[in-house]
Amino acid sequence: MTILRQAKFLTSAPDLKRCPADSGNEVAFAGRSNAGKSSALNAITDNKSLARTSKTPGRTQLINFFEIDEHRRLVDLPGYGYAKVNESIKKHWQDALARYLEKRQALRGLVLLMDIRHPLKDYDQQMLDWCKHTKLPVHILLTKADKLKFGAAKGILLGVQRDLQKAGYDASIQLFSSPKRMGIDDARQHIESWLNSEIE
Ligand code: GDP
């Protein structure tokens, strides 16, 4: 039984100032819009309605907090790179994201989701740079792995792993598929180990 099934919506915050008290352990989820973040959150928590899937862009701009218990939370960060959003809104999201990643004491690790067919885009690299800068551990889910044959998916996994190493990013990585329920146990293990780390 995973503790992640206990996750319940806690609150939404438009920026760092309005986030819940910065204590305990948090694991955040980030990725480009449409990478499959909501589907993955629902699959990992075994809760079909936890994060809304296929949202309109206006609804994705808040930082959403889900509580496991008093000391442990999951955080759904705004999906980045949505083409139809104007520049000033994009800027606001990026600033809110950067501030959250840089300042949040409770943050123990970042789950970065990338569509296996479009890995390591500009914004993903920016996230990895921020995490490197703040020494935040990253675990990457290559989502929608069911869209490729297993051999091809494995080939991309190895290629991305090599590119990460070359660029000096210290991130773990795995294949993932929400509809096929592939990689859920591995993802849960990473997340739970971060959530269970000693509270400072
Ligand atoms: P988000 O914008 O990152 O939260 O992405 P969503 O979870 O809303 O997913 C975007 C679209 O991709 C939806 O149509 C999902 O049904 C689909 N999707 C998400 N994850 C997977 C996956 O693992 N495999 C497949 N085939 N489709 C997926």
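The exercises below, each with a worked solution, concern a predicted model of a single chain.

**Exercise 1. The overall fold**

Determine how many helices and strands the chain has, in what order the elements run, and how the radius of gyration compares with the globule rule.

Solution. Begin with the secondary structure, where the chain is found to have five helices and seven strands. Reading from the N terminus, the elements follow the order β-β-α-β-β-α-β-α-β-α-β-α. The radius of gyration is 16 Å, close to the 16 Å that the globule rule gives for 200 residues, so the chain is as compact as a globular protein of that length. Along the principal axes, the C-alpha atoms fill a box of roughly 45 × 45 × 35 Å.

Turn next to burial and contacts. Of the 200 residues, 49% count as buried, and the chain exposes about 10,300 Å², of which carbon and sulfur atoms supply 48%. Among contacts with a separation of 6 or more, 76% are made by residues 24 or more positions apart.

**Exercise 2. The surroundings of helix 1**

Establish how many residues of helix 1 are buried, and which elements are included in what covers them.

Solution. Helix 1 spans residues 37-45, and eight of its nine residues are buried, which leaves the helix mostly covered. The buried residues are K37, S38, A40, L41, N42, A43, I44 and T45. To find the cover, look for contacts with these residues: the elements involved include strand 2 (25-31), strand 4 (72-76), strand 5, strand 6 and helix 5 (184-195). Finally, inspect the residue that follows helix 1, D46, whose phi is positive, near 60°.

**Exercise 3. Positive phi outside glycine**

Locate L120 and K144 relative to the secondary structure, and decide whether L120 is buried or exposed.

Solution. The starting point is that most residues other than glycine have a negative phi. L120 is not a glycine, yet it has a positive phi of about 55°, and it is found in the loop between strand 5 (107-115) and helix 3. With a relative accessible area of 16%, L120 falls under the 20% cut-off and is therefore buried. K144 likewise is a residue other than glycine with a positive phi, near 60°, and its place is the loop between strand 6 (138-143) and helix 4 (150-166).

**Exercise 4. A residue of strand 5**

Describe the environment of L107, stating which residues are in contact with it beyond its neighbours within four places in sequence.

Solution. L107 is found in strand 5, and its relative accessible area of 7% lies under the 20% cut-off, so L107 is buried. Once the neighbours within four places in sequence are set aside, the contacts of L107 are E26, V27, A28, Y100, L101 and L136. A153, by contrast, lies 46 residues from L107 along the chain, and the C-alpha atoms of the two are separated by 30 Å.

**Exercise 5. The second largest cavity**

Identify which residues line the second largest cavity, and which helix supplies the largest share of the lining.

Solution. A search of the whole structure finds two cavities of 30 Å³ or more, and the second largest has a volume of about 30 Å³. Its lining consists of Y80, Q94, L97, Y123, Q126, M127 and W130. Assigning these residues to elements shows that helix 2 (87-103) and helix 3 (122-134) each supply at least two of them, with the largest share, four residues, coming from helix 3. Sorted by character, the lining residues of this cavity divide into five nonpolar, two polar and no charged.

Notes. Residues numbered from 1 in each chain as written. Predicted model: local features only at pLDDT ≥ 70, side-chain atom pairs only at ≥ 80, totals over all residues. Heavy atoms only, no water. 1 Å grid on protein atoms, 1.4 Å probe; cavity = no way out; pocket = protein on both sides within 12 Å on 5 of 7 lines; lining within 4 Å. Points joined across faces, edges and corners; volume = space filled by probe spheres on them. Helix = DSSP H or I, 4+ residues; strand = E, 2+ residues; numbered from the N terminus. Nonpolar A, V, L, I, M, F, W, Y, C, P; charged D, E, K, R; others polar. Buried < 20%, exposed > 50% of the residue type's maximum accessible area, 1.4 Å probe, protein only. Rg over C-alpha atoms; globule rule 2.2 N^0.38 Å. Contact = heavy atoms within 4.5 Å. Areas by Shrake-Rupley, 256 points an atom, 1.4 Å probe, with all protein chains shown as cover.
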